[in-house]
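Please look at the sequence and the model below, and then read the short report that follows, which takes up one helix and one enclosed space.

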Amino acid sequence: MTLLKAVLAIAFLIGGPFLGGLIVGIDRKVSARMQGRVGPPILQPFYDVAKLLGKERATVSTAQDIYIVMYLVFVVISGCLFFAGGNFLLVTLLVTMASLFLVIAAYNTRSPFAEAGAQRENLQVMAYEPMVLLTAAGFYLATGTFDVAQIGLAQSPAILKTFLLFIGFLFILTIKLRKSPFDISTSEHAHQELVKGVTTEFAGRTLARYEIAHWYETVLFLGWTALFIIWGSPVGVVVALVAVVVLYFLEIWIDNNFARVKWQVMLRYSWWAAFGLGGANILYLYIINLL
């Protein structure tokens, strides 16, 4: 079992950016088709990052580079821990730490556009964090453990007891994937009125590291989604993979059909989802555990 966990962690470490970059490429292609365009090649994200890595160093400060490296490192560690079947609560805390390093990197540039993006990134963290913590609590109440491996190997999928939490999680997943209508701090598509928001002053290798971290995050967040659906059976793995593909295409559709909302709306709706759907599900789990 320990060997399997090590293999899964290494698989994420090596394969995460390749799968994430491919997902982003498909995302851009599908989005272009929805908009009546041909769109870039599916491998375009890899070409872009390769070009960025080949550029000369161009950063506002050395500290900015360090913060972005730490952002990438924490994302990678959290992903390796998750896919190795580690503690889900710890994974969520590591992802939050990664987000804080991204915010600090943006503030460090002293650019008004980047600082505005950093403020909005902070608001996004405030919007999704309650739902993320309630999701971790829900998994524990439904399965009796925070251990990802045990949750994934259960005899039945966690979604049977955490359906409302799952709906709430899908709501904040749009924020985590930086999709409209909640892409208020930055966006991978060319419709960001704050130039590029939190990434405005990132260039060259710094921007490449950010993009790679985003690829890792995409795979990690889709893994979180699969954890609701998977159970200890080969059929469970197949069902979870199909569900994740369908849900990601739903996210692309939402991204292309809804205009960006104000941060106040994002924060209000996210907290309604967290304390309405999530809170109701937590109360239900607490009651059935008492019976």
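## What covers helix H7

In this predicted model, the buried residues of H7 are covered by surroundings that include helix H4 (88–108), helix H5 (112–143), helix H8 (204–229), helix H9 (234–257) and helix H10 (263–290). H7 is mostly covered, with ten of its 14 residues buried. The buried residues are Leu 165, Phe 166, Gly 168, Phe 169, Leu 170, Ile 172, Leu 173, Thr 174, Ile 175 and Lys 176.

## Length and end of the helix

Helix H7 runs over residues 163–176, and because a helix of 14 residues should span 20 Å at 1.5 Å a residue, the distance of 19 Å between its end C-alpha atoms agrees with that expectation. After H7 comes Arg 178, which has a positive phi, near 60°.

## The cavity

The structure holds one cavity of 30 Å³ or more, and the volume of the largest cavity is about 80 Å³. Its lining is made up of Ser 99, Glu 121, Gln 124, Tyr 128, Ile 175, Lys 176, Arg 178, Glu 217 and Phe 221. Ile 175 and Lys 176, listed among the buried residues of H7, thus appear in the lining of the largest cavity as well, and so does Arg 178, the residue with positive phi that follows H7.

Which helices each supply at least two residues of this lining? They are H5, H7 and H8, and the largest share, three residues, comes from H5. By type, the lining residues divide into four charged, three nonpolar and two polar.

Note on methods
Residues are numbered from 1 along each chain as its sequence is written. This is a predicted model: local features need pLDDT of at least 70, side-chain atom pairs count only at pLDDT 80 or more; totals for chains, interfaces and linings use all residues. Side-chain values use heavy atoms; hydrogens and water are left out. Helices (H or I, at least four residues) and strands (E, at least two) are DSSP runs, numbered from the N terminus. The expected span of a helix is 1.5 Å times one less than its number of residues. Buried means under 20% relative accessible area, exposed over 50%, partly exposed in between (1.4 Å probe, protein chains only). Contact means heavy atoms within 4.5 Å. On a 1 Å grid over the protein atoms alone, a cavity is a set of points where a 1.4 Å probe fits but cannot get out, and a pocket is an open set with protein on both sides within 12 Å along at least five of seven lines; lining residues have an atom within 4 Å of a point. Grid points are joined across faces, edges and corners, and a volume is the space filled by probe spheres set on the points. Ala, Val, Leu, Ile, Met, Phe, Trp, Tyr, Cys and Pro count as nonpolar, Asp, Glu, Lys and Arg as charged, and the others, Gly among them, as polar.
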